[in-house]
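Dear colleague,

I am handing over a structure for you to look through at your own pace. Please open it first, and then read on for what was found in it.

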Amino acid sequence: MALTASPSPPCATSNNDNSPSVTSSNIIMDVEYKKGVKYLVDNSKDMKMLPPEFVLPLPESERPSLVIHGCIPLIDLSGLNGTVEQRLSTIHAISSACAEWGFFRVTNHGIKISIMDEMLKVIEEFFGLPLEEKMRYASENVMDPVRYGTSLNTSRKHALHWRDFLRHYGGPVPHSYHLWPDNPSSYRHVAKEYLKEVWQLAIKIFGAISEGLGLDPKYIERSLGEGTQIIAANCYPPCPEPNKTLGLAAHSDHGGLTILMDNGIGLQIKHNQTWFAVPHIPGTFVVNLGDYLEVSVI
């Protein structure tokens, strides 16, 4: 593999002696990494070691092997449609989870399992496409309406993250619909229906948060206006040395609310200075507050 190739003689140099030379091995490595982690794994015979470019300089306290397995609050949203007591109890549970954790998992959220399964299916099919097809959407410009890429920003000099991603704008009015992937052939239809359902779920949760703050149920929804919806699908291929890297480093989400559908263990959150590995529960969503929203219960 080019990732482990020995340095080659310069294939291009500048007339300025102070300018760095560009070697063929550097060019090959840059090109290979930008093709994605899945490409590296699929085209590496029995990869045993993590390429050094992916090794993150993590402090011991944040090594993946040291996280504690725990449960974030699990909230049954059917209570919002129940009796007055059930509704108030559910709103209180959401308010407490927002204030104490910033994360919670929801059940009985109103989105059919079939819609969730179809969305996961077309996402998996997209990441399984030939490289040339996925590279149609490759971009490092964060403002592009549709982007396929890997890590965070491969144009910057830092350790790379073990993930590939597909990211594009959604709704509630999908102005960029015609730019969404058309392969798999059902992707646009499935994603449009899924995002429509998730938007309604977000409105329901915003309403409960507003009520929990003593505000009108429509307060946050009105504050958002038309709003912007973004779908971000991450692919984390099997890693030969998972204790040395991360799919994504510690971060907070921008925006108001993230509604996450996971299909396996991997999510970790920091609560009271301790990292917790969040268990996977099929048919549920993880909800977390973004940077634009903060809830305090007095």
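How many residues does helix α4 have, and how far does it reach from its first C-alpha to its last? Helix α4, which runs over residues 113-127, has 15 residues and reaches 21 Å, close to the 21 Å expected at 1.5 Å a residue. Seen down the axis of α4, its buried residues fall within an arc of 140°, so they line one face of the helix. These buried residues are Ile115, Met116, Met119, Val122, Ile123, Phe126 and Phe127.

Please keep in mind that this is a predicted model. The mean pLDDT of the chain is 83, with 83% of its residues at 70 or more, but over residues 1-28 pLDDT stays under 50, and for that stretch the model has 30 contacts beyond four places in sequence. Where pLDDT is low, the predicted coordinates should not be read in detail.

Turning to the interior, the largest nonpolar core holds 47 residues, of which Phe104, Met119, Tyr187, Ile205, Ile209 and Phe285 touch the most other members. Among the elements that give two or more residues to this core are α3, β5, α4 and α6, and the largest share, 12 residues, comes from α6. If you select Ile209 and leave aside its neighbours within four places in sequence, you will find Ile209 in contact with Ile94, Cys98, Ile220, Leu289, Leu293 and Val295. Apart from this core lies another, of seven residues, among them Tyr33, Leu40, Leu50 and Phe54.

With best wishes

Note on methods
Residues numbered from 1 in each chain as written. Predicted model: local features only at pLDDT ≥ 70, side-chain atom pairs only at ≥ 80, totals over all residues. Heavy atoms only, no water. Helix = DSSP H or I, 4+ residues; strand = E, 2+ residues; numbered from the N terminus. Expected span 1.5 Å × (residues − 1). Buried < 20%, exposed > 50% of the residue type's maximum accessible area, 1.4 Å probe, protein only. Arc of directions from axis to C-beta. pLDDT = per-residue confidence, 0-100. Contact = heavy atoms within 4.5 Å. Core = buried A, V, L, I, M, F, W, Y, C linked by side-chain atoms within 4.5 Å.
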